[in-house]
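Me: Please take a close look at a single part of this model, the second largest pocket, and describe its volume and its lining. A short account of one strand and its partners would also be welcome.

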Amino acid sequence: ARLDRVDPRRVSFTWNSAELAKFSVVSYELAASVRSSVVMDDQIMACRMVGDDVRLETEGRPLDPRRPWVCSDGTTEAQWTGTARVRAFVFDRSDAERVARVASGDDRLVLRRLDPVPRSRDAATQWERSFAHVSASLGAGHDDEILAHEMHRHALLMTLSAFSTPYVDAVTRAHQSAAAPRTVRRAIAHIEAHAQQPLTLEDIATASGISSRGLQNAFRRELDTTPTEYLRRVRLSGA
């Protein structure tokens, strides 16, 4: 980022962030004349800029500054004068693909060349609500590993759902609906061995060798419950 025509008496800057191993939440406010270029290599960024004079474009394509946008490849240019508030999720791309593959059941899913524009106005609104929720939650309980992992997962899947991504395509296709009982036994063994660790549905599904939706169907069929409910029971029993 480069600041143009800087008058030190008229520049103000505030910054807040929460950083996890594979995920960051950034929120800042900058009053200045700004030109910036965003280039993602091994990361994916979803961002919203709020200001009176914000201009955005990616690869020569103008973006609506009133809505969030996503940058996964190429370059996004941003400019503003006056004050702008910037809110962003930043994800490690490899980790995001791993989570998205397990959640969708598509082992070949790749997060490249994502459409920067939200799928709808409602999707854009839901993303902003999710940002506020995740930002507030991590700010209040950043030391809680289980909460932090859940917020990371929520932020990622909400972002991948709000934009036209391969994840959206994958979850609308047919999913695995049957699983052998041994898959459920594998999941139970993993839950009982790791219940006190930050454990997500995707973690359990990966250990079981099945998609998260397939695992949920298997638990409902075999045990009349869900993997997350079973995990909750094991944790309560341990307590």
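Reply: The pocket is described below, followed by the strand. The model is predicted, and local features need pLDDT of at least 70, side-chain atom pairs count only at pLDDT 80 or more, and totals for chains, interfaces and linings use all residues. Residues are numbered from 1 along each chain as its sequence is written, and side-chain values use heavy atoms, with hydrogens and water left out.

The second largest pocket has a volume of about 260 Å³, a volume being the space filled by probe spheres set on grid points joined across faces, edges and corners. A pocket is an open set of points on a 1 Å grid over the protein atoms alone, where a 1.4 Å probe fits, with protein on both sides within 12 Å along at least five of seven lines; lining residues have an atom within 4 Å of a point. Its lining comprises 14 residues, and Lys-22, Asp-95, Arg-98, His-149 and His-152 lie nearest its centre. Two or more lining residues come from each of helix H1 (93-104), helix H3 (145-162) and helix H6 (201-208); helices are DSSP runs of H or I with at least four residues, and strands are E runs with at least two, numbered from the N terminus. H3 gives the most, five residues.

Turning to the strand, E9 covers residues 75-80. Strand E4 (residues 33-39) runs antiparallel to E9 and is joined to it by six bridges, pairing requiring at least two DSSP bridges between strands. Within this pair, Val-39 stands opposite Thr-75. Strand E6 (residues 55-58) is likewise antiparallel to E9, with four bridges, and Thr-58 stands opposite Thr-76.

Technical notes: Buried means under 20% relative accessible area, exposed over 50%, partly exposed in between (1.4 Å probe, protein chains only).
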